[in-house]
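Dear colleague,

Please find below the structure that I am handing over to you. My notes on what was found in it follow directly after.

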Amino acid sequence: LHQSLEALNQSLSGHLVVREGPADKIIPKLLKETGAESVFWNRCYEPWRIARDKKIVEQLKKDDIEFKSFKDAVLWEPWEVLKDDKTPYKVFTPYYRKGCMKAEKPDKPQENPAKIQYADFDKRGKISDLNLMPTVKWYKG
């Protein structure tokens with residue numbers, strides 16, 4: 001993850017803003033600090049994350065902030081591949097054979113934007129502060 005964030009930051013010419021903590025607390029702070037007018041994110045599918053994102057959406061609506069979420073690292077959203085009775089598959093083989101192989105083709109990746117407008121913002125944080133690099137602990141038996 002550390003190296004992926006470093007590569008992302010490099011592709012953004014060093015403009016990645018790094019924060020650690022609950023998204024529902026950090027996003028409002030960043031909006032105030034940067035003056036951003038929009039928030040975009042990839043959807044998560046775990047129930048606790050869905051609940052968190054709903055809370056964030058409520059606050060964004062209340063503050064009249066534009067927002068949009070996108071499909072994450074999946075070919076199909078969980079609700080796009082269902083059994084004939086409109087319930088989700090619980091066994092992989094039928095899901096794959098009857099669901100995925102018959103589903104519409106997944107979306108093609110979008111091109112990188114031609115230009116990104118970065119916030120004029122000094123307090124970016126450091127990826128190294130996230131302590132994502134593994135540490136070696138030698139076992140002494």
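Helices (H or I, at least four residues) and strands (E, at least two) are DSSP runs, numbered from the N terminus. With that convention, Glu77 lies in the loop between β2 and α4.

Before the details, a note on provenance. This is a predicted model, in which local features need pLDDT of at least 70 and side-chain atom pairs count only at pLDDT 80 or more, while totals for chains, interfaces and linings use all residues. Residues are numbered from 1 along each chain as its sequence is written, and side-chain values use heavy atoms, with hydrogens and water left out.

Overall architecture

The chain has four helices and two strands, and their order along the sequence is α-α-β-α-β-α. Its radius of gyration, taken over C-alpha atoms, is 20 Å, whereas a compact globule of 141 residues would have a value near 14 Å (the globule rule is 2.2 Å times the number of residues to the power 0.38). The C-alpha trace spans about 60 × 55 × 30 Å along its principal axes.

The accessible surface of the chain amounts to about 12200 Å², and carbon and sulfur atoms hold 53% of that area; the areas come from the Shrake-Rupley method with a 1.4 Å probe, and for residues only the protein chains shown count as cover. Of the 141 residues, 19% count as buried (buried means under 20% relative accessible area, exposed over 50%, and partly exposed in between, with a 1.4 Å probe and protein chains only). Among contacts in the chain with a separation of 6 or more, 71% are made by residues 24 or more positions apart; a contact means heavy atoms within 4.5 Å.

The strand pair

Strand β1 (residues 38-42) pairs with strand β2 (residues 66-70) in the parallel sense, over five bridges; two strands pair if DSSP finds at least two bridges between them. Between β1 and β2 the chain passes through helix α3 (residues 47-62), and this β-α-β crossover is right-handed. The term applies if, with the strands pointing away from the viewer, the path from the first strand over the helix to the second runs clockwise.

Two positions of β1 can be matched with partners in β2: Ser38 stands opposite Glu66, and Val39 has Phe67 as its bridge partner. In a regular strand the side chains alternate between the two faces of the sheet. In β1, Val39 and Trp41 point to one face and are buried, while Ser38, Phe40 and Asn42 point to the other and are not buried.

Residues in the loop after β2

Which residues does Glu77 touch, not counting those up to four places away in sequence? They are Arg43, Tyr45 and Lys71. Glu77 counts as buried because its relative accessible area is 3%.

Asp72 is also placed in the loop between β2 and α4 (92-99). Leaving aside neighbours within four places in sequence, Asp72 is in contact with Asn42, Arg43 and Tyr45. Its relative accessibility is 33%, so Asp72 counts as partly exposed. The C-alpha atoms of Asp72 and His15 are 22 Å apart, with the two positions 57 residues apart along the chain.

Lys86, found in the loop between β2 and α4, has a phi near 70°, a positive value in a residue other than glycine. Lys86 counts as exposed because its relative accessibility is 65%.

Helix α2 and the loop preceding it

Asp24 belongs to helix α2 (residues 23-34). Beyond its neighbours within four places in sequence, Asp24 is in contact with Lys55 and Ile56. The side chains of Asp24 and Lys55 make a polar contact at 2.9 Å; such a contact is a pair of N or O atoms within 3.5 Å, where within protein one must be able to donate a hydrogen and the other to accept it, and residues adjacent in sequence count only if both atoms are side-chain atoms.

Glu20 sits in the loop between α1 (2-11) and α2. At a relative accessible area of 63%, Glu20 is exposed. Apart from neighbours within four places in sequence, Glu20 is in contact with Ile26, Asp129 and Leu130.

The segment after α4

Asn131 is found in the segment after α4. Although Asn131 is not a glycine, its phi is positive, at about 50°. Asn131 counts as exposed because its relative accessibility is 66%.

Yours sincerely
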